[in-house]
Every structure is written in C-alpha cells, then in structure tokens.
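Trainee: Got a minute to go through a model with me? I'd like to jump around a bit.
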Amino acid sequence: MKIKSTLAALLGSALLLSASAASANTELRVWCWDDHFNVKAARMAAERYQAQHPEVTIKVDSIGQIDIIQKLNAALGANNIRSLPDIVLIEDYRVQNFLVGYPDFLQEVGSKIDTKGTFVDYKVAASSFKGKSYGVPFDSGVTAAFIRMDLFEQAGYTIDDFQDITWDQFIAMGQQVKEKTGTYLISYDPSDLGILRVMLQSAGAWYTNADGTKVTLKDNAALKEGLLLFKKMQDAGLLTNYNGWNQHLAAFQNGQVSAVVQGCWITASIEAQQEQAGKWRVVPIPKLATVKNATHYSNLGGSQWYVNAYSQHADVATDFLRATFASDTELLNELVTEITLVNSLKDTTKISNYNIGNPFFGDQTIYNDFATWSKKIPAISYGPHTYAIESIMTEALQRVLSGEDVDTVLEDAQLNAEMQIGL
C-alpha cells in the first residue's frame with residue numbers, strides 16, 4: 001500500500017509539474033482599437049492579471065476597428081484560425097454578424113461569468129444569441145444631450161426645462177436659441193445615421209425584428225417619426241451638415257451648434273475646448289412623441305470583449321476577462337479617471353469616481369447620471385444587418401428631406417432591404 005501511495009504521489013507530482021510547465025508558456029493575444037481608450041484599458045487589465053498569474057503573458061495589439069473586422073472575416077472565411085487572437089473587442093452593432101455567420105467562432109461565456117447578473121440588460125441582449133451570452137461588456141454608449149446652457153439661457157431656458165421633453169419640444173427650444181444667437185441646434189453627417197439609431201432604441205425598436213429575421217422598415221412607427229423629425233429640423237434651419245469626424249468635432253468645439261446628441265464617449269472631446277468650461281450641461285435625450293412606451297434612454301456605439309473558441313487558451317482568456325472587466329471594480333473605478341470610461345455594470349456603488357462633480361459641466365456628477373440612465377436603456381438585438389440596412393436608409397433619409405412622402409419612401413426601403421439581404 002505504501003509503495004502504491006508513493007507511486008501515486010510521484011505521478012501526481014509529475015502531472016502537476018507538466019501542467020505547470022504548460023501553463024508557463026501561456027500567451028494571450030488581444031486585438032482592440034484606440035490607443036487612448038480600449039488599448040490602454042486592456043493593457044492596464046493585463047498588468048493587473050499578470051501580477052497574479054505570472055505564468056500568463058498578455059500581448060495587446062492596437063488595430064483599427066475596421067481592420068479588425070476585415071482580418072476576422074478573412075481568417076474565418078479561409079479557415080485560417082491560427083491567425084486569430086485569443087480575445088477580440090467587437091462593436092455591439094457588428095457582433096451578430098459573427099454569431100450568425102460563424103457560429104463556432106466565439107466562446108459562450110455566460111456559464112462561467114454571470115453576465116446577466118453583472119451587466120445592464122441592453123448590453124447582454126446585444127451580445128446574446130439563441131439564449132446564450134457571448135460577450136463581456138466594456139464601455140457603455142449611453143446617450144445624452146450635451147447642451148450649451150449659456151446659449152439656451154439667452155433664450156430664457158433653465159436646465160429644468162429639459163426634463164421629460166419630447167423631440168418636438170426640443171426643436172421648439174432650438175428655434176428660440178437660433179433666433180437669439182444664430183446657432184444651429186445639432187449637426188449631422190448625411191452618411192451617418194447615429195441619431196436615428198438613438199431614436200429607434202429609445203423606443204425599443206430597430207430596423208429588424210427581435211431575432212433579426214425580418215426587416216421592419218415599412219410599419220416602423222419610431223423610424224417614421226425619426227425621419228419626420230429630421231425633416232422638421234431641416235425645414236426650421238436647425239441642422240448643419242458635417243463630413244467626417246474632424247468636422248463633427250469642429251461643429252461643437254467652434255460653437256456652431258447649441259446641442260450634441262451623442263454617446264457618453266464624446267465627453268472627452270467636448271471637454272477638449274477648455275475655454276467653454278462651465279458653459280455645457282448634460283441632460284437626458286428627448287423622447288419620441290408618437291410611439292407608445294418611448295423613453296429618454298438610448299445607446300450609441302459601445303463594444304464588448306469576446307473569446308476565440310478555437311483558441312487553445314480559451315479557458316485562460318475567459319478567466320482573464322472574468323477577473324478583470326467582469327469583476328475588478330478597482331480597475332473599473334481607475335478607468336473612469338484614466339480614460340473617462342462609463343462601464344456597463346448594474347451595480348456601480350463601488351465606482352466612487354462616478355460621484356465626483358465635473359467642473360466643465362457646472363459640477364454635475366455626469367458619470368453618475370450616465371450610469372443611472374444606462375440601466376434604463378431598452379434591451380434589443382441589433383441583428384446581423386444593421387450596416388447593410390443603413391446603406392439603404394441613408395438614401396431614404398435624403399428622399400424624405402427632399403420632400404418625398406415618408407410612407408412611400410419606407411415602402412421602397414423595405415423592398416430594397418428584403419431583396420438585398422434576403423429576408
């Protein structure tokens with residue numbers, strides 16, 4: 001018996017040594033974009049994880065978002081899985097393309113990470129497929145109306161006037177500001193339907209049905225009202241166009257507009273114009289007037305971390321995300337000040353940096369507001385066809401702005417989308 005016990009002990013030790021040797025060679029590769037935001041966050045998380053797991057090396061590659069999508073599609077299309085990273089950041093609007101088109105690519109993580117209990121509902125919905133959770137939510141794209149309070153005050157308004165208003169009321173306020181100051185209300189890029197997306201999700205609607213299997217443009221009340229609101233703003237002379245990111249920044253940094261309706265991630269760009277400090281405030285977005293159960297809460301952008309299921313280190317990759325972005329509140333709290341992160345947690349009581357007043361916005365606790373609003377965003381699935389349909393809707397919006405009947409335009413868009421997408 002003693003000999004058997006000794007052999008068993010030696011065998012166990014050998015297995016442990018073997019496992020240790022294998023784990024000592026574990027290297028994770030992460031793909032993400034934006035050196036000052038996502039990349040910086042990933043490297044901070046990697047440093048913390050490696051301090052507790054010296055047997056793991058984590059390398060973070062900075063790659064443009066579009067380049068990541070092209071690389072993933074090229075590798076998966078050619079079955080070249082060796083070139084894939086262990087972890088990849090994917091925008092919420094794009095992930096369903098991979099979940100539907102390459103169902104074996106992304107690792108289901110909901111069984112190892114309590115995503116539903118940890119993160120706000122709308123983020124979990126965006127990264128779920130057939131009842132399973134695949135993403136570890138990162139940044140929130142909760143939207144807000146960033147307003148030049150000094151300009152609205154010249155027209156006789158106070159910040160209380162922005163509570164529980166409709167888009168029609170917001171437009172009326174913008175008209176008064178335009179008359180007093182000559183300033184446009186908002187700017188928009190004719191090829192970017194971001195504000196239209198904000199309007200749709202605020203009412204729990206999208207371009208397709210809940211499971212992305214049917215185009216829903218023709219009888220979409222939220223979409224129709226959104227198009228008509230753009231027409232109303234144009235006719236009132238409240239819109240100014242921009243083309244590309246730099247012109248977008250210039251529109252509000254140079255004082256061309258009195259409001260910016262955008263995801264919370266625009267905060268740092270607004271703060272970049274320090275001579276405007278104290279002039280800006282943050283308020284909830286207006287709601288649609290004709291759609292039942294429309295809200296003041298929506299999302300624009302945002303992304304999540306995903307594990308490559310083909311990776312030999314998928315379990316380690318999952319554990320890295322579990323130990324950092326899914327549970328390390330010290331890290332997430334630090335990221336508030338380091339990269340102005342608005343995270344996607346349901347419980348933000350341990351994120352003390354949210355409670356710091358921001359002098360640029362009149363000492364508002366804007367991050368606390370963002371966190372509160374994030375929990376109220378309608379949860380929808382974006383489906384795999386968002387960008388394909390928006391190429392059609394871009395033309396539809398221009399037709400409405402030129403005076404064509406909105407119902408006819410949406411009927412045509414419905415037919416075009418059904419033919420192009422095959423739904």
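Trainee: Let's start with Thr340: which loop is Thr340 found in?
Mentor: Thr340 sits in the loop between α14 (329-339) and α15 (366-374). Keep in mind that this is a predicted model.

Trainee: And what is phi of Thr340?
Mentor: Phi of Thr340 is near 55 degrees, so a positive value in a residue other than glycine. Most residues other than glycine have a negative phi.

Trainee: Is Thr340 buried, exposed or partly exposed?
Mentor: Thr340 counts as partly exposed, because its relative accessibility is 22%.

Trainee: Which loop does Asp363 lie in?
Mentor: Asp363 lies in the loop between α14 and α15. Asp363 is not a glycine, yet its phi is positive, at about 65 degrees.

Trainee: Buried or exposed, that Asp363?
Mentor: Exposed: Asp363 has 53% relative accessibility, and the cut-off for exposed is over 50%.

Trainee: Switching to pockets. How much space lies in the largest pocket?
Mentor: The largest pocket holds about 1,100 Å³ of space. It is lined by 43 residues, and the closest to its centre are Trp245, Gln262, Trp265, Ile266 and Gly301.

Trainee: Which elements give two or more residues to that lining?
Mentor: Those are β8 (186-188), α9, α11 (245-253), β10 (259-263) and α12 (267-271). β10 gives the most to the lining of the largest pocket, with four residues.

Trainee: What does the lining of the largest pocket look like by class?
Mentor: By class, that lining has 21 nonpolar, 15 polar and seven charged residues.

Trainee: What's the volume of the second largest pocket?
Mentor: The second largest pocket has a volume of about 260 Å³. Of the 13 residues lining the second largest pocket, Ile81, Arg82, Leu84, Ser311 and Gln312 are the closest to its centre. By class, its lining has five nonpolar, four polar and four charged residues.

Trainee: Back to α9 for a second. How many residues of α9 are buried?
Mentor: Nine of the nine residues in α9 (residues 194-202) are buried, and the helix is mostly covered. Arg197 and Gln201 are among the buried residues of α9.

Trainee: What about phi of Gly204, just after α9?
Mentor: Gly204 takes a positive phi there, about 70 degrees.

Trainee: New topic, the strands. How many bridges join β1 to β2?
Mentor: Seven bridges join β1 (residues 26-32) to β2 (residues 56-62), and the two strands run parallel. With helix α2 (residues 38-52), β1 and β2 make a right-handed β-α-β unit.

Trainee: Which residue stands opposite Cys32?
Mentor: Ser62, in β2, stands opposite Cys32.

Trainee: Is Cys32 buried or exposed?
Mentor: Cys32 counts as buried because its relative accessibility is 0%.

Trainee: How many disulfides does the structure hold?
Mentor: Zero disulfides. Cys32 is in no disulfide, and the nearest cysteine sulfur is that of Cys264, 18 Å away.

Trainee: Why is there no bond for the sulfur of Cys264?
Mentor: The closest cysteine sulfur, in Cys32, is 18 Å from the sulfur of Cys264, so the two are too far apart for a bond. A disulfide needs the pair of sulfur atoms within 2.5 Å.

Trainee: And is Cys264 buried or exposed?
Mentor: Cys264 is buried, with a relative accessible area of 4%.

Technical notes
Residues numbered from 1 in each chain as written. Predicted model: local features only at pLDDT ≥ 70, side-chain atom pairs only at ≥ 80, totals over all residues. Heavy atoms only, no water. Buried < 20%, exposed > 50% of the residue type's maximum accessible area, 1.4 Å probe, protein only. 1 Å grid on protein atoms, 1.4 Å probe; cavity = no way out; pocket = protein on both sides within 12 Å on 5 of 7 lines; lining within 4 Å. Points joined across faces, edges and corners; volume = space filled by probe spheres on them. Nonpolar A, V, L, I, M, F, W, Y, C, P; charged D, E, K, R; others polar. Pairing = 2+ DSSP bridges. Right-handed = clockwise from strand over helix to strand, strands pointing away.
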